[in-house]
Amino acid sequence: MARKPLMAGNWKMNKTIGEAVVLAQDISNQYDDRWDACDVVVCPPFVDLKPAKTVFEFDRVPVGVGAQNVYWEEKGAFTGEISVPMLKEIGCEWCIIGHSERRGYFGETNEDVNKKAKALLSAGIHPIICVGESLAVRDAGDALEFVCAQVRAAFAGIDAAQANECVVAYEPIWAIGTGRTATPEQAQEVCSAIRATLSELYGAEVSDAIRVLYGGSMNPGNVEMLIAQPDIDGGLIGGAALEASSFVQLIKACI
Ligand code: PGA
C-alpha cells in the first residue's frame, strides 16, 4: 500500500526563539505545493513551538509542528515537565517520544514511552516513537530482537485504531549525529522487522498503513537510497534539519 512519506526535523536543543523563527521562515519561503505529497513536520524545543507554528500558520503552509518530549500526567506538581494539553493548545500535532538521547541521558524507559504514547493518543497527537539499538547490541547480533522488543513495549495496550495514528522511527544509536549512516540494507532489514512486529500485533492492514521512518545521519547525499527501501517511509532528521536548504532537499527527495 502507498504510504505518504513523512519528513520530520528534530531540532534537538538548538535554536533560540529568534533563530527558530528565522529557520521556520526559511523553510516556509521555499514551500511549493508539490510538498503536499509529503507530510512535513519540525520538532523544535518547547519554547519555539508556538513561534514556529505561528510562522507556518501566518504563511498558510502545511508544515506541522511537534514536540520532542512530553509528560503523561495531565497537570500537577511535576516541576519542569510539559503536559499533553499544553502541547494541544499550541496546535502541536506530533510528538517525538523515546528518542535515544532521552533514553540514554534522562533514563526514559520503555514503560515511560508507552505511557507517553497513550497520553498523546488520547488527545489526538501523533506519537513518533523512536527505537534503535546501540553498537554493542548490533555487534552481538541482537539488533532485530532488541528493536522489536522496544516496539512491542511501546505499543502495549494500544488498540489498532490508535496504532494507526502512530509513527515509528528506527534510529540506530551508532548512526545518530556520527555521520555514520546505516546502509540502506541494514535500515531496511530493521524497518521490515518493525513492520512484521506491527503486523503480528495488529494485522497486515494496520501494519501496512503505519509509517516507519529512518533516522541517523540522513542527509541530501544518502536520502534517495534510504527512502527507496520498501519499508522506509521518510526520515527523522537531526543535523540536516538545522538548515532550511538541506531540510528542503530531503523533502524534495520524497516527492
Ligand atoms: P542526526 O539525528 O540526523 O543528526 O543523526 C537524528 C536524530 O537523532 O533524530
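Which residue takes a positive phi just after H9? Just after helix H9, Gly203 has a positive phi of about 90 degrees. The model discussed here is predicted, so local features need pLDDT of at least 70 and side-chain atom pairs count only at pLDDT 80 or more, while totals for chains, interfaces and linings use all residues. Residues are numbered from 1 along each chain as its sequence is written, and side-chain values use heavy atoms, with hydrogens and water left out.

Helices (H or I, at least four residues) and strands (E, at least two) are DSSP runs, numbered from the N terminus. Helix H9 covers residues 184–202. Its 19 residues should span 27 Å at 1.5 Å a residue, and the 26 Å between its end C-alpha atoms agrees with this; the expected span is 1.5 Å times one less than the number of residues. The buried residues of H9 include Pro184, Ala187, Val190, Cys191, Ile194, Arg195, Leu198 and Tyr202. Here buried means under 20% relative accessible area, exposed over 50%, and partly exposed in between (1.4 Å probe, protein chains only).

Cys191 leads to the matter of disulfides. A search of the whole structure finds zero disulfides, a disulfide being a pair of cysteine sulfur atoms within 2.5 Å. The closest cysteine sulfur to that of Cys191 belongs to Cys148 and is 10 Å away, so the distance is too far for a bond. Both residues are nevertheless buried: Cys191 has a relative accessible area of 0%, and Cys148 has a relative accessibility of 9%.

Arg195 of H9 is also a partner of Asp233. Asp233 is in the loop between H11 and strand S8 (234–237), and it is buried, with a relative accessible area of 8%. Leaving aside neighbours within four places in sequence, the contacts of Asp233 (heavy atoms within 4.5 Å) include Arg3, Lys4, Pro5 and Leu6, as well as Ile210, Arg211, Val212 and Leu213.

Helix H2 (residues 46–59) may be read in the manner of H9. Its 14 residues reach 21 Å from the first C-alpha to the last, close to the 20 Å expected at 1.5 Å a residue. Asp48, Leu49, Pro51, Ala52, Lys53, Val55 and Phe56 are its buried residues. The elements that cover them include helix H1 (17–29), strand S2 (39–43), strand S3 (63–67) and helix H3 (84–90). Arg60 follows H2 and has a positive phi, near 55 degrees.

The relation between H1 and H2 can be followed through Ala20. This residue lies in helix H1 and counts as buried, at 0% relative accessibility. Ala20 and Pro51 are 31 residues apart in sequence, yet their C-alpha atoms are 7.6 Å apart in space. Leaving aside neighbours within four places in sequence, Ala20 is in contact with Trp11, Lys15 and Asp48.

Lys15 is itself of interest for its backbone. Most residues other than glycine have a negative phi. Lys15, although not a glycine, has a positive phi of about 85 degrees. It is in the loop between strand S1 (6–10) and H1 and is partly exposed, with a relative accessible area of 26%. Ser217 likewise is not a glycine and has a positive phi, of about 55 degrees. Ser217 is in the loop between strand S7 (211–215) and helix H11 (223–227), and at 18% relative accessibility it counts as buried.

Ser217 leads to the ligand. There are 13 residues surrounding the ligand, and the closest are Lys12, His99, Glu171, Gly177 and Ser217; a residue is near a molecule if one of its heavy atoms lies within 4 Å of it. An N or O atom in the side chain of Lys12 is 2.7 Å from an oxygen atom of the ligand. For His99, a side-chain N or O atom is 2.7 Å from a ligand oxygen, and a polar side-chain atom of Glu171 lies 2.7 Å from an oxygen atom of the ligand. The protein covers 95% of the 280 Å² of accessible area that the ligand has on its own, as computed by the Shrake-Rupley method with a 1.4 Å probe.

A last site is Gln150, in helix H7 (residues 143–154). Gln150 is buried, with a relative accessible area of 6%. Its side chain reaches the backbone nitrogen of Gly132 at 2.8 Å. Leaving aside neighbours within four places in sequence, Gln150 is in contact with Arg103, Asn110, Val131 and Gly132.

Note on methods. Polar contact = N/O pair within 3.5 Å; in protein donor to acceptor, adjacent residues only side chain to side chain.
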